[in-house]
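Hi,

Here is the model you asked about, ready to open in your viewer. My notes come right after it, so have a look first and then read on.

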Protein chains: 2
Amino acid sequence: MRLNIKVSATDGQARRGQVTTARGSFQTPVFMPVATRGAIRGLSTHELASLSAKGGTRAEILLANTYHLMLRPTADVVEQLGGLHDFTGWGDRHMLTDSGGFQVFSLQPKTDDEGATFRSTYDGAKVKLTPELAVRIQERLGADIQMVLDVCAGLPASTTVLREALERTVDWAARAKAAHRRIEDQSLFGIVQGGDNLELRRESAQRTVEIDFDGYAVGGLSVGETREQMMESLEAAIEHLPSDQPRYLMGVGDPLSIIEAVARGVDMFDCVLPTRLARHGTLLTSEGRLNIKRAEYARVTDPVDPDCNCATCVNYPRGLLRHLTTQGELTAQILCTIHNLTWILSFVEDIRSAIESGTLETLRAATVQTWQQMSPERKGEGFPQ
Amino acid sequence: MRLNIKVSATDGQARRGQVTTARGSFQTPVFMPVATRGAIRGLSTHELASLSAKGGTRAEILLANTYHLMLRPTADVVEQLGGLHDFTGWGDRHMLTDSGGFQVFSLQPKTDDEGATFRSTYDGAKVKLTPELAVRIQERLGADIQMVLDVCAGLPASTTVLREALERTVDWAARAKAAHRRIEDQSLFGIVQGGDNLELRRESAQRTVEIDFDGYAVGGLSVGETREQMMESLEAAIEHLPSDQPRYLMGVGDPLSIIEAVARGVDMFDCVLPTRLARHGTLLTSEGRLNIKRAEYARVTDPVDPDCNCATCVNYPRGLLRHLTTQGELTAQILCTIHNLTWILSFVEDIRSAIESGTLETLRAATVQTWQQMSPERKGEGFPQ
């Protein structure tokens with residue numbers, strides 16, 4: 001099903017919108033938490049559903065990883081358990097599955113025109129993923145949005161390598177589109193590649209749009225380039241994407257990259273960053289990153305962020321989080337994950353308000369001020385485990 | 001503060017009651033979940049507070065371990081953060097701290113009349129715990145109920161060893177009572193020892209009651225004896241405990257032992273069993289233990305227990321729990337812990353109702369039928385880590 005975005009406000013290239021799907025609708029810009037194997041690490045989906053930013057913004061769409069689920073418990077099992085919505089307990093809310101490509105290409109597969117052959121990280125078995133199979137598997141997983149199988153080249157890369165990745169991605173995208181069958185209740189997104197080469201980005205966007213997808217993602221970023229290079233590549237791609245459909249920047253989730261990308265017209269984001277940082281005791285706050293393991297917090301009764309209304313900030317002193325984190329207690333990971341995801345919901349809520357009130361520049365300047373010390377995710381950061 | 005139990009119904013020796021404390025009151029029989037280091041492993045206190053059995057029974061009192069907290073983050077830090085209630089986020093609900101004795105004696109300390117000297121499991125530092133120090137530390141931790149430092153002998157043990165443990169426990173109990181200062185808002189419980197020797201159990205109970213405590217515990221059980229021996233020893237002790245004060249069986253929490261002990265007049269229980277089993281994927285159900293890792297559950301859409309109203313049973317199929325548990329996902333531990341603690345709350349709720357309606361014998365027979373294959377906890381099971 002083709003997705004349309006109804007834009008209710010703009011501020012420069014940034015847009016505040018609503019995407020209508022077969023299931024219902026979700027608000028944009030939106031951040032999608034990552035439930036790698038069907039669960040966020042350290043947070044149940046029923047508690048995720050209960051998280052709420054001050055203004056009432058909740059998680060509306062969840063991402064799950066096709067690579068992991070196709071191997072364990074298999075798409076067959078997920079389908080038999082009612083598809084990802086029932087399987088994960090996320091119920092009637094939205095879900096998106098990636099194609100598995102990003103993980104597969106992290107494994108340096110043997111790739112030919114037909115597909116990519118790799119060894120399972122679970123049991124070493126040889127597995128081949130093709131564009132058609134990626135569609136079939138995601139059909140059975142049953143998310144609302146599918147992604148095409150693309151070829152993602154790490155950066156820096158030669159023009160030859162980027163060109164090859166582009167050609168194969170476009171070829172596979174056309175095959176995925178032809179294989180797409182659940183057109184009434186599943187949407188299929190194309191993915192723009194091209195690395196940090198602006199010409200290739202433009203060409204990739206144009207050729208992907210010619211195939212005509214239900215929505216468009218920009219992939220192959222946050223894989224080794226600087227944030228400046230990322231934004232230039234993003235701009236080159238977005239220039240050629242239709243304005244009436246959602247745009248999704250894959251695997252990017254640090255606050256500065258989010259707001260810079262929103263300012264360039266991106267609507268959707270996903271990233272393991274907030275949950276991964278949480279598991280290591282790094283908290284997102286209005287004053288930047290906070291490493292809760294530091295000894296200075298041992299005797300602090302204040303919450304992580306006095307302005308935050310998450311259960312962690314409402315109920316627990318920094319001293320407890322410091323204690324549980326340094327002792328490696330499971331519950332520390334739960335509490336830090338609740339905070340970081342609520343913080344991201346609040347940040348996105350602030351971005352939405354800023355677009356509505358035409359003050360995104362002010363928020364962007366403040367975000368730069370706070371987060372400029374935080375580099376974009378390192379290569380492979382999007383790859384779980 | 002002396003605690004009194006107001007008994008509203010009895011069935012044989014079993015009693016349904018309410019214990020009034022300086023903080024308020026809690027219903028009995030009661031099961032106390034264990035927050036070893038200030039947190040239940042795999043469940044935040046705010047989510048624990050939200051758990052509810054079908055009839056509305058909630059967790060009303062939480063146990064924390066003095067041994068762990070005195071070493072990390074130290075009683076000084078906990079006190080500075082407002083005491084355990086604020087530190088743990090458990091707020092205005094009840095808390096109990098053990099004396100640290102059980103853990104210390106698991107470390108085979110050097111013991112003399114003055115106290116027990118041991119090496120910290122955290123950093124190897126030499127630490128000495130005395131009856132007076134255990135009271136002081138628990139004063140600073142600030143729970144509503146303190147336990148005296150006792151000497152717990154593993155079973156089987158010779159009469160000489162049990163006699164020595166009894167004498168030292170009684171001697172130390174008198175010193176703890178003399179050291180007890182926060183008498184307005186903290187209650188101090190004595191502990192009956194005596195192993196599996198019924199004469200020693202009676203003598204220990206009598207001499208402990210002579211010292212005059214705010215409530216009484218029976219310790220040194222579930223340390224290697226059979227359930228039959230446990231119950232005989234319990235009966236011998238209870239015979240000499242006052243009927244107007246609460247009785248607490250320490251470290252016992254399997255369903256069969258709980259109902260057998262309730263039938264003998266016990267009011268309070270604590271155990272790591274439900275949370276520890278949960279972390280290993282073993283679930284408590286109305287049909288007994290269920291190992292969710294078994295392959296037969298991979299494709300099952302039913303919840304763990306269709307009669308259970310916990311968030312896990314309401315939201316997730318067995319197939320998801322099986323998948324997450326076999327994959328070692330954190331969230332599996334969260335979901336299984338929610339279920340097991342809710343199940344115990346429900347079980348205790350059923351026991352309360354049965355006492356009120358005079359049908360405890362029927363529930364006991366059914367419980368024996370279901371759980372007879374489940375042996376009592378093995379020696380050391382109560383020792384976290």
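Below is what turned up, beginning with how the two chains meet and then going through some helix pairs and sheets.

Some housekeeping first: this is a predicted model, so local features need pLDDT of at least 70 and side-chain atom pairs count only at pLDDT 80 or more, while totals for chains, interfaces and linings use all residues. Residues are numbered from 1 along each chain as its sequence is written, and chains are lettered from A and ligands numbered from 1 in the order in which they are written.

**Where the chains meet**

Chain A puts 37 residues into the contact, and chain B puts in 37 residues. (Two residues are in contact if their C-beta atoms, placed from the backbone, lie within 7 Å.) On the chain A side, at least two residues each come from α3 (75–80), α4 (83–88), α12 (311–315), α13 (318–326) and α14 (330–357). The largest share is that of α14(A), with five residues. Helices and strands here are DSSP runs, H or I of at least four residues for helices and E of at least two for strands, numbered from the N terminus.

What sort of residues make up the side of chain A that touches chain B? They are 16 nonpolar, 15 polar and six charged. For the classes, Ala, Val, Leu, Ile, Met, Phe, Trp, Tyr, Cys and Pro count as nonpolar, Asp, Glu, Lys and Arg as charged, and the others, Gly among them, as polar.

As for symmetry, a turn of 180° with a shift of 0.0 Å along the axis lays chain A on chain B with an RMSD of 0.0 Å. That is the relation of a two-fold axis. In chain A, L330(A) has the C-alpha nearest the axis, 3.9 Å from it. Both copies use the same surface, as 100% of the contact residues of chain A recur in chain B. The superposition is by least squares on the C-alpha atoms of residues with pLDDT of at least 70 in both copies.

**Helix pairs in chain A**

Back to two of the interface helices: α13(A) and α14(A) pack at an angle of about 130°, and their axes are 7 Å apart. (Axes are lines fitted to C-alpha atoms, for helices over the stretch in contact, and angles run from 0 to 180 degrees between N-to-C directions.) The two helices are therefore oblique to each other; angles under 35 degrees count as roughly parallel, over 145 as roughly antiparallel, 65 to 115 as roughly perpendicular and the rest as oblique. From α13(A), the contact takes L321(A), L324(A) and T325(A), and from α14(A) it takes T331(A), A332(A), L335(A) and C336(A). Five of these residues are nonpolar, two are polar and none is charged.

Next, α10 (residues 255–262) and α15 (residues 360–371) of chain A pack at about 155°, with axes 9 Å apart. That makes α10(A) roughly antiparallel to α15(A). Here P255(A), L256(A) and I259(A) of α10(A) meet L363(A), R364(A), T367(A), V368(A) and W371(A) of α15(A). This contact has six nonpolar, one polar and one charged residues.

Then there are α7 (residues 159–179) and α8 (residues 198–211) of chain A, whose axes come within 10 Å and cross at roughly 10°. That makes α7(A) roughly parallel to α8(A). Their contact counts seven nonpolar, three polar and four charged residues.

**Strands in chain B**

One open sheet has three strands in the order β1-β2-β3, paired antiparallel. Its edges are β1 (4–11) and β3 (25–28) of chain B, each with a single partner strand, so one side of each has no neighbour in the sheet. Seven bridges join β1(B) to β2 (residues 14–20) of chain B, and I5(B) stands opposite V19(B) in β2(B). For the strands, pairing takes at least two DSSP bridges between them.

Another open sheet of three strands runs β7-β8-β9 in chain B, with antiparallel pairing. Four bridges join β8 (residues 116–119) of chain B to β9(B), where the bridge partner of T117(B) is K128(B).

Last one: β15(B) and β16(B) form a hairpin with two residues between them. Four bridges hold this antiparallel pair, β15 (residues 282–285) and β16 (residues 288–291) of chain B, and T282(B) has N291(B) as its bridge partner in β16(B).

Cheers
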